[in-house]
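Welcome! Here is a friendly briefing to read with the structure open beside you. Take your time and find each residue as it comes up.

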Amino acid sequence: MQSKLEKFVIIVLQWILLTYIGSIFLSLFHLFSRFPLILLQFFLASFFWKKIWNIFSLHMKSFISILFSITLILLFIQGFWSSANTTDGMTYHLPRARYWLQEKSVFQQSIYTSHDYMGQLPEILFAVIIGTTTSDRLVFISQFSSYVLFLIVLYMWSFLFEQKDSIRRELLYIVGLMPMAVLQANSVQTDLLSTFLFLTSVYFLLKLDSILKWKYLCYATIAGSLSVLCKDSLGVFLLPFILWKSTFFLKKEYFFQIIGCLLISIFIVSPLLFQRFYLFHSLFPISEEFIEVPFLNSRIEINVVLSNVIRNLFFQIPIPFFSSQMTSFVAGLHTILGINMNDPGTTWPNTEFMVKSILFPHEDLVGNPFQILLSIVAGFLICASLLRRERQKLETKVYLCSVSSFILFSALFRWQPWHSRLLLPILVVMTISAILVLSRYKRMLKIISFFSVLLAFILIFTNSLKPYISYSFVEDQLHYFSKNHIRVPLPFWSVLRADQYYTVYPEWKTSYRNIAMYLEKQHAQSVYINIESGFIYPFWIELDRFENKTRIVASYEKAEYKIISSDYNNADALLCESLDNQKFLCVYK
C-alpha cells in the first residue's frame, strides 16, 4: 500500500511540475491560452491516466474511507455550487490568472496586483483550470485535489514511525480534519497546495536513512522547490529539516547528487526569480522598499520572537467567557518582556491581537485548538525526556525541527491574524509528531479524534463564506459582521452564484454591473482600474456576463477608459457610481 501510494504521489508531482514547465514554455511564445493548455493537459492525461487509475483504485479501511468520502462529497458540493469570494481570491489570486490568460503569458511586463512578488504556481494552476474550462466554476479543484493529496500523504506518513498501526486512525482524524484544512479544501487560497508539497518534501527527506537514495532526494527537492513557488515561508519551514539532514548530505560520495538537486531547484525557481528581478529589481522584494506593507519584522530580538510565538499560539485557541481576561494576560506577558503587544514594528498594520472567544468558521481566521494543545503537551514530555537524556526517536526529532521552523517563522514575519493559515504546513507536521509522542495515551487521542470529527462537520456546515445553513438565528450576536459591514452569511444554495462574488463588498455589485453595461454600450476596447481595495475580479465577471470584449489593462497610459475610486461624485467623470455614499467609482475617458 505505502509503495503504491508513493508512486501515485510521485506521478502527481510530475504532473504538477510538467504543467508548470509547460506553462512557462508556452508563455515564452505568448501561447498561454485555451487550446495550447488543453493540448498540454490532454498529453499529460494520456501519459499518466492509466498509472493513476491503477493506483487510485486502492481503498483504505472501510470506516475511514466512508467518513472521508462523506467529508469530500460535502466539500465538493459546497465548492462546485459556490463562487470564489475571499478577499485574496478577488484581489490577486484570480486577477493574476486572468491577466496571464489575457496576455497569453505568465511573464509580466508591468505589475498587475499588490502580490505580484509571490510565487506563480498556484495562480498558474488556477489559470489552467479557467483557461481549459472557460469558467471559474472548477477553480476550487486546485485546493480540493490538494486536500485529497494531503490526506494520502498523511496516510503515507503513518508508515514512517514505530507506532504506525495503533494510532493511524487517530492520526488521520486529528490532522486530516484540522479546522483550517477543512475550511480551505474548497477555497481559492493556496495553503493546502503548499501544505501537500511541503509534507511530501519532508516525507521523502525522512526516507533518507543510512543510504542516500537519489529518487527520494530528487523528489524531496522537486516538492520543496514547488512549495516555495507557492509561498516564500515554505523555504523557512524547510530549513531546519534540511539542516538536520545536512550532516548526512555533506559526504564526499554524495557530492554529485547534491549538486544535481541544487541545479533542479534553481531550474524550478528561476522563472520566479527572473520575474521578481524584472518587476522589482530584487530577488526578495518583501521589505518596505518594494511593497507598501512589509512582511518582515522591523527587528529581530528575543522579546520580539517570544511576542510573536505567544501571539501565534494563543490566537489558535478560543477561550469562551474569559477571552478578554486572557487578552489582558497576554498583554501582561508583553509588559514583562518589555514590548508593546501590538508593536507596529512586529504587527501587521491596522490589526490588534486579541484572544478569540469562539472558533470563527472562516478560512483565513479559524484556529486549530486541539492540534496546538496536543503539541504543547507533547513539548512538555519531550523536554522531560531530553532532561533524562533518553535516546530520542524519529518523531521527537521531527517535532524539534517543526518547533524550530515555528520559532524561525515567528522571528522573521510580523504577527498578523492570518497566520493561522500561513502556519498550516508546519502545524500539520508538528501535530503528527505530537500525536506519535503521545501515542501511549490512546484513550485521550480517541476522545480528541472524536471531537475533531465533530468539529470538522460543524465547520463545513457553518463555513461563513459558503455555509450550508443560515446564520439568521444568531444575527444579533454576530458583532463581527455588523462591525465590518459584511452581510450575515446566507446558505450558498440560496444565493445566486453571480452575487456570491460580492460577499466581502456587497455594495460594489450594482456599481460594477452598471459600469460594465456602460462600457458595453461604448464598445470600449480597454479599461484601467485603480481602486484602493484591489477588488478587481468581480468586474471581470461582469464583463464576461455581458460578453464584453473590453480588456482590463494594467497600464494607465494604454487604457481607453479609466475607473478610479473617489471620495466624491466628480462632475468631470463620464459616469460615477455610488458605493456607500462615501465612496464612488468614476469612469473617465
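Which residues form a nonpolar patch on the surface? The patch is made of Phe255, Phe256, Ile259, Leu262, Leu263 and Ile266, and together they have about 650 Å² of accessible area. Keep in mind as you explore that this is a predicted model.

**Patches on the surface**

- One member of the nonpolar patch, Ile266, is found in helix α12, which covers residues 255-280.
- There is also a positive surface patch, and its members are Lys4, Lys7, Lys213 and Lys215.
- To find Lys215, look in helix α10, residues 214-228.
- Lys215 has a relative accessibility of 42%, so it counts as partly exposed.

**Salt bridges**

- How many salt bridges does a search of the whole structure find? The search finds 19, and three of them are described here, beginning with Lys207 and Glu6.
- Lys207 and Glu6 form a salt bridge in which the closest N and O atoms are 3.1 Å apart.
- Because Lys207 sits in the loop between α9 (191-206) and α10 while Glu6 belongs to helix α1 (residues 2-28), this pair ties together parts that are 201 residues apart in sequence.
- Are these two partners buried or exposed? Lys207 counts as buried because its relative accessibility is 19%, and Glu6 is buried too, with a relative accessible area of 5%.
- In another salt bridge, Arg96 meets Asp116, and their closest N and O atoms lie 3.4 Å apart.
- Arg96 is part of helix α4 (residues 87-103) and Asp116 is in the loop between α4 and α5 (121-133), so this salt bridge ties together parts that are 20 residues apart in sequence.
- Arg96 and Asp116 are both buried.
- Arg421 and Asp364 also meet through their side chains in a salt bridge, at 2.9 Å from N to O.
- Since Arg421 lies in helix α17 (residues 419-422) and Asp364 in the loop between α14 (323-337) and α15 (369-387), the pair ties together parts that are 57 residues apart in sequence.
- Arg421 and Asp364 are buried as well.
- Which residues are linked with Arg421 and Asp364 in a network of salt bridges? The network also includes Asp88, Asp191 and Lys231.

**Strands and their partners**

- Strand β1 covers residues 526-530 and runs parallel to strand β3, residues 561-566, with four bridges joining the two.
- You can locate this pairing at Ile529, which stands opposite Ile563 in β3.
- β1 also pairs with strand β2 (residues 551-553) in the parallel sense, over three bridges.
- In that pairing, Tyr528 has Val553 of β2 as its bridge partner.
- Why is β1 described as largely enclosed by the rest of the structure? The reason is that four of its five residues are buried.
- β3 has a further pairing, this time antiparallel, with strand β5 (residues 584-588) over five bridges.
- Here Ser565 stands opposite Leu585 in β5.

**A loop residue beside the strands in sequence**

- Leu574 has its place in the loop between β3 and β4 (575-578).
- With a relative accessibility of 41%, Leu574 counts as partly exposed.
- Leu574 and Tyr588 are 14 residues apart along the chain, and their C-alpha atoms are separated by 5.6 Å.

**Positive phi values**

- Most residues other than glycine have a negative phi.
- Lys104 has a positive phi of about 60°, although it is not a glycine.
- Lys104 is placed in the loop between α4 and α5, and its relative accessible area of 39% makes it partly exposed.
- Where is His523 placed? His523 is in the loop between α22 (508-521) and β1.
- The phi of His523 is near 55°, which is again a positive value in a residue other than glycine.
- His523 is exposed, because its relative accessible area is 62% and the cut-off for exposed is over 50%.

Technical notes:
Residues are numbered from 1 along each chain as its sequence is written. This is a predicted model: local features need pLDDT of at least 70, side-chain atom pairs count only at pLDDT 80 or more; totals for chains, interfaces and linings use all residues. Side-chain values use heavy atoms; hydrogens and water are left out. Patches are made of residues with over 30% relative accessible area and no salt bridge: like charges are joined within 9 Å, nonpolar side chains (Val, Leu, Ile, Met, Phe, Trp, Tyr) within 5 Å. Accessible areas come from the Shrake-Rupley method with a 1.4 Å probe; for residues, only the protein chains shown count as cover. A salt bridge is a side-chain nitrogen of Lys or Arg within 4 Å of a carboxyl oxygen of Asp or Glu. Lys and Arg count as positive and Asp and Glu as negative; His and the chain ends are not counted. The place of a charge is taken as NZ of Lys, CZ of Arg, CG of Asp or CD of Glu. Buried means under 20% relative accessible area, exposed over 50%, partly exposed in between (1.4 Å probe, protein chains only). Two strands pair if DSSP finds at least two bridges between them.
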